[in-house]
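Please open the structure in the viewer and keep the sequence panel visible. The tour proceeds by successive selections.

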Amino acid sequence: MPGTDPSAEPAALGPASLPAAAVGLGLRRALLDDLDRAPAGDIDFLECAPENWIGLGGIWAERLQALGARYPLTCHGLSLSLGGSAPLDMDFLDQVDRFLRRHQAVLYSEHLSYCSDDGHLYDLLPLPFTEEAVRHTAHRIAQVQDRLGRRIAVENVSTYLTPHAAMSELDFTRAVLAEADCDLLLDVNNVYVNATNHGFDASAYLAGLPAERVVCMHVAGHFDAAVDLKIDTHGSPVTDPVWALLRDACARFGPRPTLLERDFNIPPYAELRQELHQVRRILDRSAGEVAA
């Protein structure tokens, strides 16, 4: 059973409550003042990591509550370790459940990876692309969904090596989505990074995804370590190839709520605003094409 009495707190709303062409921004404490002053129309929703806010009180809780009253909130987890071998932390999952309900989070997502074994490893590590890993990970996702009483989305992660690949990343992702009956948070930058690092076609990857599973998208910047090596950093502006891939994704799936991630080297808000407006232009054009 979920960790709370659903009648005691507000129910989650579900991703359909966000407009298809909604533009989001990752909620970082360094951006709180900018978000308080952001003009109407810049942002349609915010995303936060529950791990960074659970248990905080005082001014931090008040500011989160105030922003949550202004913008719909999505939540993107960091530490469930969906593909890991250690048992799922059900006590922590119950804390997440209470957080999601308290803030009426419209979406909860996690990473298609693992990040813990005998303790937290503080990184998102790649899973082997095997049938056994599909079954194992899908079973854990189903456990999470049962505990929370809601569907979740899993995010495709950036990788730099593959422990064992009996199938492609695309086939692995499709298999997990189908077996777990969960949704996909499509990180467009991670598709570009992995396509470069592992030598596959990013557009073909998008074409193979089940459109009905894609409920949200991320864009972010990366570091060009070499021609054939990109590092996912969330610390630089979105590159032209990633913008092009976002347009490709919208052409294939239609517009989806899309979030700009920026975790490091956070620039003045005016620069982020330019990227938010670029996201909106791409989504609005896609929405117009769908309507036509």
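The stops below concern a run of strands and then a helix.

This is a predicted model, in which local features need pLDDT of at least 70, side-chain atom pairs count only at pLDDT 80 or more, and totals for chains, interfaces and linings use all residues. Residues are numbered from 1 along each chain as its sequence is written, and side-chain values use heavy atoms, with hydrogens and water left out.

Select strand 3, residues 73–76. Helices (H or I, at least four residues) and strands (E, at least two) are DSSP runs, numbered from the N terminus. Both faces of strand 3 are covered: L73 and C75 lie on one side, T74 and H76 on the other, and all are buried (under 20% relative accessible area, with exposed over 50% and partly exposed in between; 1.4 Å probe, protein chains only).

Add strand 2 (residues 45–48), which runs parallel to strand 3 and is joined to it by 3 bridges; pairing requires at least two DSSP bridges. Here C48 stands opposite C75. Next, add strand 4 (residues 107–111), also parallel to strand 3 and joined by 3 bridges, with H76 opposite S109.

Now display helix 2 (residues 58–70), which forms a right-handed β-α-β unit with strands 2 and 3. Right-handed means that, with the strands pointing away from the viewer, the path from the first strand over the helix to the second runs clockwise. Helix 3 (residues 90–102) makes another right-handed β-α-β unit with strands 3 and 4.

Finally, select helix 9 (residues 269–291). Its buried residues include Y269, L272, L276, V279 and L283. Among the elements covering the buried residues of helix 9 are strand 1 (23–26) and helix 8 (240–253).

Note on methods: Expected span 1.5 Å × (residues − 1). Contact = heavy atoms within 4.5 Å.
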